[in-house]
Amino acid sequence: MATYSIAIVGAGPAGYFAAQALQSAQTDDLRFSIDMIEKLPTPWGLVRSGVAPDHPKIKTVSKVFEKIATTEGFNLFCNVELGKDVSVAELREMYDAVVIATGSSEGRKLGIPGENLANSLSAADFVPWYNAHPDYTNVSVDLNTEVAVVIGAGNVAMDVARMLALNPTELDPTDTALYALKGLHSSKIRTVHICGRRGPEHAAFTAPELRDLVKLEHTDVYIDHHEIQAAMKRVEEQGEVPREVRSNLDAMLAISENEKKHHERSMRFHFLSTPIEIKGKERVEEVVFGINKIEGDKVIATGETYSIKCGLVISGIGYESLPIEGIPFQKGKVRNTDGHVEGTNIYVVGWAKRGPSGVIGTNKSDSSDVMKILTTNLSNPKKVPQLKSLLDSRGITHLNQGHWHLLNAAEVAEGEPQGKPRVKFTDKAKLLGFAGK
């Protein structure tokens, strides 16, 4: 029986689904020993620090992750940073294959004047802030303004806008970071504008996310009815309408027709709007947008502008992967061919492979396809990983699956009397304490 040792770097959806694909490929003659390495003291990646707290059903995929993690041959190493605690070269030497599943954590820049003003943030900072990511607890977010602008037309931008526009009492029974929840309760924000550069038919929102907006109890959501009808006409004139586009436009039409309750809180969608400048003396005061139009299959500027007075801007226009020494990067992701870094025993899955696209489930098929290539490329097993010994020799505290079980149970126990699924711990000393050090 051949047993191959595989290192998976990143304990998010792409990493776990890669491990699952390897476990499923095992036979009487083929086995895998999997070591999963995670920079943070906690696993689950964006399921823990990215999914909006008011969408708890999406987080139930963590049950799948735990089943994968408790399968024989799987070992978890949290609080281990690639490039700092262990190098790519060391992993390549220790393992038969190395799988990079580190995702994309750097927010793309708008590249416009005023972007660096106070209270102009990236969703890449704001989302982990309200999700209790230990590296983002000190992000400065001033909610002492009545109007906020969110730039972007994907689910991340929508999550950000919704979190700002919700009545914070709706977040009380969630795992929103306690410090963020306190800030949201004192927030003066009542109107949130969400602005996308292209038309409604091009938006990267998903229909389920849109359909949830009509269910908001304390927030009116506005989308221009005529704008959606015009978008429908445009796509129908081009021939067969893709199912996803039709579902999105139908959901937007339903929002536009939904009876408004005249709540003091509102979300307002604006399409064909390109941010061209953020104005303010010391902090955000106004955003200027260029008005676009659609000609054929192109979005072009009209030369006209409009502006929105506001005190907070959050940009959610996408993410890029941070470079890692020893791995080739290009245009914000690992340079690869179908998930293989050619000429090496390195493979890549998830956002680090394809860029920030798709939903959590997209990673399952993506990781499965790459693991098939990895398995095909394996030759005689020859590696005997000594990661634990290496980390111990360097004095690096790491948490294994047993430590995580203790930490997880403690967070759940902390949340129970408060009617929350958990209270996430953010103090790194407290988190690392569960390693028994």
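This report describes side-chain packing, charge pairs and local contacts in a predicted model.

**Nonpolar cores**

The largest nonpolar core has 54 residues. Within this core, F126, L164, F205, L213, M252 and F269 touch the most other members. Helix α6, residues 155-165, is the element that gives the most to the core, with seven residues. The contacts of F126 are L121, V141, V160, L164 and I314, leaving aside residues up to four places away in sequence. L164 is thus named twice, as a contact of F126 and as one of the core members that touch the most others. Another core, of 40 residues, lies apart from the largest one. Its members include L76, A101, V370 and L407.

**Aromatic pairs**

A pair of aromatic rings is described by the distance of the centres and the angle of the planes. The model has 13 aromatic pairs. Y16 and F74 form a stacked pair, with 6.2 Å from centre to centre and 15° between the planes. This pair links distant parts of the chain: Y16 belongs to helix α1 (residues 13-24) and F74 to strand β3 (residues 74-78), and the two are 58 residues apart. Y16 and F74 are both buried. They also belong to one aromatic cluster, formed by Y16, F17, F65 and F74.

The pair of F205 and F269 is edge-to-face, because the ring planes stand at 85°, with the centres 5.7 Å apart; planes over 60 degrees apart count as edge-to-face. F205 is in the loop between β8 (191-195) and α8 (207-213), while F269 is in strand β10 (residues 265-270). This pair, too, links distant parts of the chain, at 64 residues apart. Both F205 and F269 are buried, and both are among the residues of the largest core that touch the most other members.

Two positively charged side chains are placed over the face of Y222: K260 lies at 5.5 Å from the ring centre, and R268 lies at 4.0 Å from the ring centre.

**Salt bridges**

The whole structure holds 19 salt bridges. Three of them are listed here with their N to O distances.

| Residue pair | Distance, N to O |
|---|---|
| D175 and K59 | 2.9 Å |
| R162 and D159 | 3.1 Å |
| E209 and R162 | 3.6 Å |

D175 lies in the loop between α6 and α7 (178-185), and K59 in the loop between α2 (46-49) and α3 (62-69), so their salt bridge ties together parts that are 116 residues apart in sequence. Both D175 and K59 are buried.

R162 takes part in the salt bridge with D159 and in the one with E209. R162 and D159 are separated by about one helical turn, because they are three residues apart in helix α6. Both of these residues are buried. The pair of E209 and R162 links distant parts of the chain, with E209 in helix α8 and R162 in helix α6, 47 residues apart. E209 has 9% relative accessibility and therefore counts as buried; R162 counts as buried at 2% relative accessibility. The cut-off for buried is under 20% relative accessible area. D54 joins D159, R162 and E209 in a network of salt bridges. Helix α6 thus holds R162 and D159 of this network and also gives the most residues to the largest nonpolar core.

**Two polar sites**

R92 is placed in helix α4, residues 88-94. R92 counts as partly exposed, because its relative accessibility is 31%, and partly exposed lies between 20% and 50%. Leaving aside residues up to four places away in sequence, R92 touches V98, G343, T344, N345, I346 and K383. With one of these contacts, N345, the side chain of R92 makes a side-chain polar contact at 2.8 Å. R92 and T344 are 252 residues apart along the chain, and their C-alpha atoms are separated by 8.5 Å.

S273 lies in strand β11, residues 273-279. With a relative accessible area of 3%, S273 is buried. The side chain of S273 reaches the backbone oxygen of F271 at 3.0 Å. Not counting residues up to four places away in sequence, the contacts of S273 are C195, G196, R197, F289, G290, N292 and Y306.

Note on methods. Residues are numbered from 1 along each chain as its sequence is written. This is a predicted model: local features need pLDDT of at least 70, side-chain atom pairs count only at pLDDT 80 or more; totals for chains, interfaces and linings use all residues. Side-chain values use heavy atoms; hydrogens and water are left out. Rings of Phe, Tyr and Trp (its six-membered ring) pair if their centres lie within 6.5 Å; planes under 30 degrees apart count as stacked, over 60 as edge-to-face and the rest as tilted. Helices (H or I, at least four residues) and strands (E, at least two) are DSSP runs, numbered from the N terminus. Buried means under 20% relative accessible area, exposed over 50%, partly exposed in between (1.4 Å probe, protein chains only). A charge sits over a ring if NZ of Lys or CZ of Arg is within 6 Å of the ring centre and within 35 degrees of the ring normal. Contact means heavy atoms within 4.5 Å. A polar contact is a pair of N or O atoms within 3.5 Å; within protein, one must be able to donate a hydrogen and the other to accept it, and residues adjacent in sequence count only if both atoms are side-chain atoms. A nonpolar core is a set of buried Ala, Val, Leu, Ile, Met, Phe, Trp, Tyr and Cys residues joined through side-chain atoms within 4.5 Å. A salt bridge is a side-chain nitrogen of Lys or Arg within 4 Å of a carboxyl oxygen of Asp or Glu.
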